[in-house]
Amino acid sequence: MEANTRSTGRLPAAFLTPGSSSFMDFLADHSPELLPGNRTLPPLQGAIEAPHGTTIVAATFPGGVVLAGDRRATMGNMIAQRDIEKVFPADEYSAVGIAGTAGLAVEMVKLFQLELEHFEKVEGTQLSLEGKANRLSTMIRSNLGMAMQGLAVVPLFAGWDVEREKGRIFSYDVTGGRSEEHGFAATGSGSIFARGSMKKLYREDLTEQQAVTLVVQALYDAADDDSATGGPDVARRIFPVLTVITDEGFRRLTEAEASEISRSVLERRLEQPDGPRAALL
(Lines give C-alpha, C1' and ligand atoms only; values in the text may rest on other atoms or scores of the structure.)
Protein backbone atom coordinates (compact mmCIF):
# COMPACT_ATOMS: atom_id res chain seq x y z
CA MET A 1 0.00 0.00 0.00
CA GLU A 2 2.86 2.38 0.80
CA ALA A 3 4.39 1.91 -2.66
CA ASN A 4 1.04 2.45 -4.30
CA THR A 5 0.51 5.59 -2.23
CA ARG A 6 3.84 7.02 -3.34
CA SER A 7 3.19 6.31 -7.02
CA THR A 8 -0.37 7.62 -7.16
CA GLY A 9 -0.07 10.42 -4.64
CA ARG A 10 -3.35 9.32 -3.04
CA LEU A 11 -4.09 8.92 0.65
CA PRO A 12 -4.21 5.41 2.14
CA ALA A 13 -7.69 3.91 2.16
CA ALA A 14 -7.83 4.17 5.95
CA PHE A 15 -8.02 7.95 5.62
CA LEU A 16 -11.08 7.78 3.40
CA THR A 17 -13.17 4.96 4.85
CA PRO A 18 -16.71 5.74 6.07
CA GLY A 19 -16.70 7.27 9.54
CA SER A 20 -13.17 8.62 9.14
CA SER A 21 -14.23 12.24 8.67
CA SER A 22 -12.93 12.96 12.17
CA PHE A 23 -9.15 13.35 12.20
CA MET A 24 -9.15 12.94 15.97
CA ASP A 25 -10.90 9.57 15.69
CA PHE A 26 -8.44 8.48 13.02
CA LEU A 27 -5.51 9.55 15.19
CA ALA A 28 -7.02 7.80 18.21
CA ASP A 29 -7.17 4.54 16.23
CA HIS A 30 -3.71 4.70 14.64
CA SER A 31 -1.49 6.84 16.91
CA PRO A 32 -3.38 7.58 20.14
CA GLU A 33 -0.20 8.65 21.92
CA LEU A 34 -0.10 11.78 19.72
CA LEU A 35 -3.33 13.18 21.18
CA PRO A 36 -2.63 15.77 23.90
CA GLY A 37 -5.02 14.18 26.39
CA ASN A 38 -3.31 10.78 26.12
CA ARG A 39 0.13 11.92 27.14
CA THR A 40 1.52 10.64 30.42
CA LEU A 41 2.41 13.43 32.82
CA PRO A 42 4.96 13.13 35.61
CA PRO A 43 3.63 12.95 39.19
CA LEU A 44 2.34 16.31 40.34
CA GLN A 45 4.62 17.97 42.88
CA GLY A 46 3.28 21.33 43.97
CA ALA A 47 1.69 23.95 41.74
CA ILE A 48 2.53 23.92 38.03
CA GLU A 49 3.85 27.24 36.71
CA ALA A 50 3.10 27.62 33.00
CA PRO A 51 2.20 30.64 30.88
CA HIS A 52 -1.55 31.31 30.88
CA GLY A 53 -3.58 33.30 28.39
CA THR A 54 -6.21 35.49 29.96
CA THR A 55 -9.18 37.44 28.61
CA ILE A 56 -11.18 36.71 25.44
CA VAL A 57 -14.39 38.59 24.52
CA ALA A 58 -16.99 38.29 21.75
CA ALA A 59 -20.08 40.21 20.65
CA THR A 60 -22.61 39.71 17.88
CA PHE A 61 -24.07 42.37 15.62
CA PRO A 62 -26.53 42.22 12.71
CA GLY A 63 -24.41 40.64 10.00
CA GLY A 64 -21.69 38.96 12.03
CA VAL A 65 -19.71 38.50 15.21
CA VAL A 66 -16.56 40.04 16.70
CA LEU A 67 -13.99 37.94 18.61
CA ALA A 68 -11.09 39.64 20.36
CA GLY A 69 -8.40 39.02 22.96
CA ASP A 70 -5.80 40.91 24.93
CA ARG A 71 -2.11 40.15 24.38
CA ARG A 72 -0.80 39.29 27.86
CA ALA A 73 0.27 35.87 29.15
CA THR A 74 1.08 35.44 32.81
CA MET A 75 3.00 32.92 34.91
CA GLY A 76 1.89 33.31 38.50
CA ASN A 77 2.30 36.99 39.35
CA MET A 78 4.78 37.55 36.51
CA ILE A 79 4.14 38.69 32.94
CA ALA A 80 5.37 35.81 30.77
CA GLN A 81 4.68 37.45 27.40
CA ARG A 82 3.29 40.81 26.36
CA ASP A 83 2.30 40.11 22.76
CA ILE A 84 0.87 36.58 22.70
CA GLU A 85 -1.67 35.70 20.01
CA LYS A 86 -4.92 34.34 21.49
CA VAL A 87 -7.41 34.50 18.61
CA PHE A 88 -7.09 32.20 15.60
CA PRO A 89 -9.23 31.36 12.56
CA ALA A 90 -10.64 27.84 12.84
CA ASP A 91 -11.71 27.84 9.20
CA GLU A 92 -13.21 30.29 6.72
CA TYR A 93 -16.29 31.10 8.81
CA SER A 94 -15.25 30.56 12.43
CA ALA A 95 -12.58 31.44 14.96
CA VAL A 96 -11.48 30.41 18.42
CA GLY A 97 -10.01 32.48 21.24
CA ILE A 98 -7.93 30.74 23.89
CA ALA A 99 -7.76 31.20 27.66
CA GLY A 100 -5.90 28.92 30.03
CA THR A 101 -2.57 27.10 29.66
CA ALA A 102 -1.07 28.79 26.62
CA GLY A 103 1.01 25.93 25.19
CA LEU A 104 -1.79 23.37 25.36
CA ALA A 105 -4.32 25.89 24.08
CA VAL A 106 -2.32 26.70 20.95
CA GLU A 107 -1.77 22.99 20.31
CA MET A 108 -5.50 22.34 20.70
CA VAL A 109 -6.33 25.12 18.23
CA LYS A 110 -3.96 23.64 15.63
CA LEU A 111 -5.54 20.21 16.09
CA PHE A 112 -9.00 21.76 15.80
CA GLN A 113 -8.03 23.50 12.55
CA LEU A 114 -6.76 20.20 11.18
CA GLU A 115 -9.92 18.42 12.31
CA LEU A 116 -12.13 20.84 10.36
CA GLU A 117 -9.89 20.74 7.28
CA HIS A 118 -9.83 16.94 7.33
CA PHE A 119 -13.64 16.76 7.55
CA GLU A 120 -14.04 19.14 4.61
CA LYS A 121 -11.61 17.19 2.42
CA VAL A 122 -13.15 13.79 3.22
CA GLU A 123 -16.82 14.83 3.12
CA GLY A 124 -16.52 17.47 0.40
CA THR A 125 -18.47 20.00 2.48
CA GLN A 126 -17.94 22.15 5.55
CA LEU A 127 -19.16 21.04 8.96
CA SER A 128 -22.07 23.10 10.29
CA LEU A 129 -21.26 25.72 12.93
CA GLU A 130 -23.11 23.61 15.48
CA GLY A 131 -21.01 20.61 14.48
CA LYS A 132 -17.79 22.60 14.82
CA ALA A 133 -18.82 23.68 18.32
CA ASN A 134 -19.51 20.04 19.24
CA ARG A 135 -16.13 18.88 17.89
CA LEU A 136 -14.36 21.49 19.99
CA SER A 137 -16.33 20.34 23.03
CA THR A 138 -15.06 16.78 22.51
CA MET A 139 -11.46 18.01 22.26
CA ILE A 140 -11.74 19.97 25.51
CA ARG A 141 -13.23 16.95 27.28
CA SER A 142 -10.29 14.81 26.14
CA ASN A 143 -8.00 17.23 28.01
CA LEU A 144 -9.84 16.75 31.32
CA GLY A 145 -6.99 14.74 32.88
CA MET A 146 -4.56 17.59 32.34
CA ALA A 147 -7.16 20.15 33.46
CA MET A 148 -7.44 18.33 36.79
CA GLN A 149 -3.68 18.85 37.20
CA GLY A 150 -3.97 22.57 36.60
CA LEU A 151 -3.39 22.62 32.82
CA ALA A 152 -6.86 23.74 31.77
CA VAL A 153 -7.89 25.17 28.40
CA VAL A 154 -11.15 27.17 28.22
CA PRO A 155 -11.71 28.66 24.74
CA LEU A 156 -14.40 30.88 23.28
CA PHE A 157 -15.70 29.85 19.85
CA ALA A 158 -17.52 32.15 17.43
CA GLY A 159 -18.52 32.09 13.80
CA TRP A 160 -20.96 32.87 11.05
CA ASP A 161 -23.78 30.32 10.79
CA VAL A 162 -24.31 29.92 7.05
CA GLU A 163 -27.64 28.13 7.55
CA ARG A 164 -29.13 30.59 10.04
CA GLU A 165 -27.36 33.59 8.48
CA LYS A 166 -26.16 35.12 11.74
CA GLY A 167 -23.18 35.26 14.04
CA ARG A 168 -23.11 32.89 17.03
CA ILE A 169 -20.94 32.48 20.13
CA PHE A 170 -20.20 29.34 22.18
CA SER A 171 -18.49 29.15 25.58
CA TYR A 172 -17.08 26.09 27.37
CA ASP A 173 -16.03 24.79 30.76
CA VAL A 174 -13.05 22.54 31.50
CA THR A 175 -15.16 19.37 31.17
CA GLY A 176 -16.17 20.26 27.60
CA GLY A 177 -19.61 21.51 28.60
CA ARG A 178 -20.87 23.83 25.86
CA SER A 179 -23.23 26.79 26.13
CA GLU A 180 -24.43 29.12 23.42
CA GLU A 181 -24.13 32.76 24.45
CA HIS A 182 -26.51 35.40 23.16
CA GLY A 183 -25.28 38.87 22.38
CA PHE A 184 -21.88 38.80 24.06
CA ALA A 185 -19.55 36.57 26.06
CA ALA A 186 -16.18 36.53 27.80
CA THR A 187 -13.79 33.96 29.24
CA GLY A 188 -10.52 34.10 31.14
CA SER A 189 -9.35 35.78 34.32
CA GLY A 190 -10.73 39.20 33.38
CA SER A 191 -14.02 37.85 32.03
CA ILE A 192 -16.12 38.98 35.00
CA PHE A 193 -15.11 42.60 34.41
CA ALA A 194 -15.36 42.39 30.62
CA ARG A 195 -18.81 40.81 30.83
CA GLY A 196 -20.00 43.50 33.22
CA SER A 197 -18.75 46.19 30.84
CA MET A 198 -20.50 44.67 27.82
CA LYS A 199 -23.69 44.00 29.79
CA LYS A 200 -24.21 47.75 30.22
CA LEU A 201 -23.12 48.85 26.75
CA TYR A 202 -24.33 46.10 24.42
CA ARG A 203 -27.25 46.68 22.03
CA GLU A 204 -28.68 44.35 19.42
CA ASP A 205 -28.48 47.01 16.70
CA LEU A 206 -24.74 47.70 16.91
CA THR A 207 -22.86 48.31 13.71
CA GLU A 208 -19.68 46.35 13.02
CA GLN A 209 -17.54 49.35 14.02
CA GLN A 210 -19.51 49.80 17.24
CA ALA A 211 -19.22 46.10 18.10
CA VAL A 212 -15.44 46.26 17.65
CA THR A 213 -15.27 49.37 19.85
CA LEU A 214 -17.45 47.60 22.44
CA VAL A 215 -15.02 44.67 22.82
CA VAL A 216 -12.05 47.06 23.09
CA GLN A 217 -13.88 48.94 25.86
CA ALA A 218 -14.55 45.60 27.59
CA LEU A 219 -10.90 44.55 27.37
CA TYR A 220 -9.85 47.93 28.74
CA ASP A 221 -12.21 47.51 31.71
CA ALA A 222 -10.90 43.97 32.27
CA ALA A 223 -7.30 45.23 32.27
CA ASP A 224 -8.28 48.03 34.64
CA ASP A 225 -9.31 45.53 37.35
CA ASP A 226 -7.46 42.32 36.47
CA SER A 227 -3.66 42.37 36.58
CA ALA A 228 -3.45 39.30 34.31
CA THR A 229 -5.20 41.13 31.45
CA GLY A 230 -3.11 43.47 29.34
CA GLY A 231 -4.50 46.77 28.10
CA PRO A 232 -3.44 48.56 24.91
CA ASP A 233 0.31 49.24 25.10
CA VAL A 234 0.89 52.39 23.07
CA ALA A 235 4.61 52.61 23.87
CA ARG A 236 5.29 49.12 22.50
CA ARG A 237 2.55 49.33 19.84
CA ILE A 238 0.82 46.23 21.22
CA PHE A 239 -2.93 46.28 20.72
CA PRO A 240 -5.70 43.69 21.13
CA VAL A 241 -6.24 41.09 18.43
CA LEU A 242 -9.54 42.08 16.79
CA THR A 243 -11.34 39.77 14.35
CA VAL A 244 -14.66 39.97 12.53
CA ILE A 245 -16.57 37.06 10.99
CA THR A 246 -19.39 37.76 8.52
CA ASP A 247 -20.94 36.08 5.48
CA GLU A 248 -17.74 37.10 3.68
CA GLY A 249 -15.67 35.02 6.07
CA PHE A 250 -13.03 35.60 8.73
CA ARG A 251 -11.09 38.88 8.78
CA ARG A 252 -8.50 40.10 11.22
CA LEU A 253 -8.26 43.86 11.61
CA THR A 254 -4.89 45.25 10.61
CA GLU A 255 -2.50 46.69 13.16
CA ALA A 256 -3.36 50.18 11.90
CA GLU A 257 -7.09 49.57 12.42
CA ALA A 258 -6.58 48.07 15.89
CA SER A 259 -4.28 50.96 16.79
CA GLU A 260 -6.79 53.58 15.67
CA ILE A 261 -9.68 52.09 17.67
CA SER A 262 -7.53 51.48 20.76
CA ARG A 263 -6.11 55.00 20.69
CA SER A 264 -9.59 56.52 20.35
CA VAL A 265 -10.72 54.55 23.42
CA LEU A 266 -7.63 55.65 25.35
CA GLU A 267 -8.21 59.30 24.47
CA ARG A 268 -11.80 59.16 25.72
CA ARG A 269 -10.61 57.45 28.91
CA LEU A 270 -8.43 60.47 29.65
CA GLU A 271 -11.70 62.40 30.03
CA GLN A 272 -13.71 59.52 31.55
CA PRO A 273 -11.33 57.06 33.25
CA ASP A 274 -14.19 54.66 34.08
CA GLY A 275 -15.47 54.62 30.52
CA PRO A 276 -18.79 55.45 28.85
CA ARG A 277 -21.95 55.57 30.94
CA ALA A 278 -25.07 53.54 30.24
CA ALA A 279 -28.48 55.14 30.57
CA LEU A 280 -30.32 54.46 33.84
CA LEU A 281 -33.56 53.73 32.03
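This section describes the overall makeup of a predicted model, followed by the surroundings of one residue and the packing of one pair of helices.

The chain contains nine helices and 14 strands. Of its 281 residues, 48% are classed as buried. The accessible surface amounts to about 14300 Å², and carbon and sulfur atoms account for 51% of that area. When contacts are restricted to residues at least 6 apart in sequence, 64% of them link residues at least 24 apart.

Leu-144 lies in helix H6, which spans residues 144-147. With a relative accessible area of 30%, Leu-144 falls between the limits of 20% for buried and 50% for exposed residues, and is therefore partly exposed. Leaving aside residues up to four places away in sequence, Leu-144 is in contact with Val-174 and Thr-175. The C-alpha atom of Leu-144 is 8.1 Å from that of Gly-176, a residue 32 positions away along the chain.

Two packed helices are described by the distance between their axes and the angle between them. For helix H7 (residues 191-201) and helix H8 (residues 208-225), the axes come within 7 Å and cross at roughly 140°. Because this angle lies outside the ranges for parallel, perpendicular and antiparallel arrangements, the last of which begins over 145 degrees, H7 and H8 are oblique to each other. Their crossing is right-handed. On the H7 side the contact is formed by Phe-193, Ala-194, Ser-197, Met-198 and Leu-201; H8 contributes Leu-214, Gln-217, Ala-218, Asp-221, Ala-222 and Asp-225. Classified by type, the contact of H7 with H8 comprises seven nonpolar, two polar and two charged residues.

Key:
Residues numbered from 1 in each chain as written. Predicted model: local features only at pLDDT ≥ 70, side-chain atom pairs only at ≥ 80, totals over all residues. Heavy atoms only, no water. Helix = DSSP H or I, 4+ residues; strand = E, 2+ residues; numbered from the N terminus. Buried < 20%, exposed > 50% of the residue type's maximum accessible area, 1.4 Å probe, protein only. Contact = heavy atoms within 4.5 Å. Areas by Shrake-Rupley, 256 points an atom, 1.4 Å probe, with all protein chains shown as cover. Axes fitted to C-alpha atoms, helices over the stretch in contact; angles between N-to-C directions. Parallel < 35°, antiparallel > 145°, perpendicular 65-115°, else oblique. Left-handed = near helix turned anticlockwise from the far one by under 90°. Nonpolar A, V, L, I, M, F, W, Y, C, P; charged D, E, K, R; others polar.
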